[in-house]
Amino acid sequence: MAAQHRIDERAPVFVISVAAELSGMHPQTLRQYDRLGLVSPQRTLGRGRRYSARDVAKLREVQRLSQEQGINLAGIKRILELQDEVTDLVEQLESVQDSLDSLTPAQRRVFAADRDGEISALRRGQRPQRRESGALVLWRPQRRR
């Protein structure tokens, strides 16, 4: 079985001149975008900028949004922040889903909460004891397919 190799798109490997060439921009533009917080590369110990493949893709996106969509740099900065947040949340969700998928059926639990907020863990198929005065709500997470 062949080993699968995956390139880390976040690895800081490109110096500013290479990143500028790959993104089709002038190095001074990249410096300005770094000062504005649009695309901030990692730094070496000597404070040199090192761009990742992900940074270069962001630079291209900045250029596209600015030239094709007419969005100002403040708007572009907010768009990039939201895209990063969505990416982080998707990664977190995938991690949680992987954790859930690794559980055996015996490890999975259903939880019930009564109207006073008391939560109790139940085994699958088990029903909680009903109290005279309250409604019962069961919550089971939906499985993504």
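# Salt bridges and helix packing

Asp84 has a relative accessible area of 23% and is therefore partly exposed, since residues count as buried only under 20%. The model described here is predicted. Asp84 forms a salt bridge with Lys58, with 2.8 Å between the closest N and O atoms. This pair joins distant parts of the chain, as Lys58 lies in helix H3 and Asp84 in helix H4, 26 residues apart. Lys58, at 19% relative accessibility, counts as buried.

## Other salt bridges

The structure holds seven salt bridges in total. One of them pairs the side chains of Glu91 and Arg10, at 3.1 Å from N to O. Here too the partners come from distant parts of the chain: Glu91 belongs to helix H4 and Arg10 to the segment before H1, with a separation of 81 residues.

A salt bridge within helix H4 joins the side chains of Glu81 and Arg78, at 3.4 Å from N to O. Because Glu81 and Arg78 are three residues apart in H4, about one helical turn separates them. Elsewhere, Asp34, Arg43 and Arg49 form one network through salt bridges that share partners. In an α-helix there are 3.6 residues a turn, so residues three or four places apart point the same way.

The accessibilities of Glu91, Arg10, Glu81 and Arg78 are tabulated below.

| Residue | Relative accessibility | Class |
|---|---|---|
| Glu91 | 38% | partly exposed |
| Arg10 | 36% | partly exposed |
| Glu81 | 36% | partly exposed |
| Arg78 | 44% | partly exposed |

## Helix H3

Helix H3 covers residues 53–67, and its 15 residues should span 21 Å at 1.5 Å a residue; the C-alpha atoms at its ends are 21 Å apart, in agreement with that expectation. Its buried residues are Arg54, Asp55, Val56, Lys58, Leu59, Val62 and Leu65. Lys58, in this list, is thus also the H3 partner of Asp84 in the salt bridge. The buried residues of H3 pack against H1, H2, strand E2 (49–50) and helix H4 (73–101).

## Helices H1 and H2

Helix H1 (residues 16–23) and helix H2 (residues 27–36) have axes that come within 8 Å and cross at roughly 100°. The crossing angle therefore places H1 roughly perpendicular to H2. On the H1 side the contact involves Ile16, Ala19, Ala20 and Ser23, which meet Pro27, Leu30 and Arg31 of H2. By type, the residues of this contact are five nonpolar, one polar and one charged.

Methods. Residues are numbered from 1 along each chain as its sequence is written. This is a predicted model: local features need pLDDT of at least 70, side-chain atom pairs count only at pLDDT 80 or more; totals for chains, interfaces and linings use all residues. Side-chain values use heavy atoms; hydrogens and water are left out. Axes are lines fitted to C-alpha atoms, for helices over the stretch in contact, and angles run from 0 to 180 degrees between N-to-C directions. Helices (H or I, at least four residues) and strands (E, at least two) are DSSP runs, numbered from the N terminus. Angles under 35 degrees count as roughly parallel, over 145 as roughly antiparallel, 65 to 115 as roughly perpendicular and the rest as oblique. Contact means heavy atoms within 4.5 Å. Ala, Val, Leu, Ile, Met, Phe, Trp, Tyr, Cys and Pro count as nonpolar, Asp, Glu, Lys and Arg as charged, and the others, Gly among them, as polar. The expected span of a helix is 1.5 Å times one less than its number of residues. Buried means under 20% relative accessible area, exposed over 50%, partly exposed in between (1.4 Å probe, protein chains only). A salt bridge is a side-chain nitrogen of Lys or Arg within 4 Å of a carboxyl oxygen of Asp or Glu.
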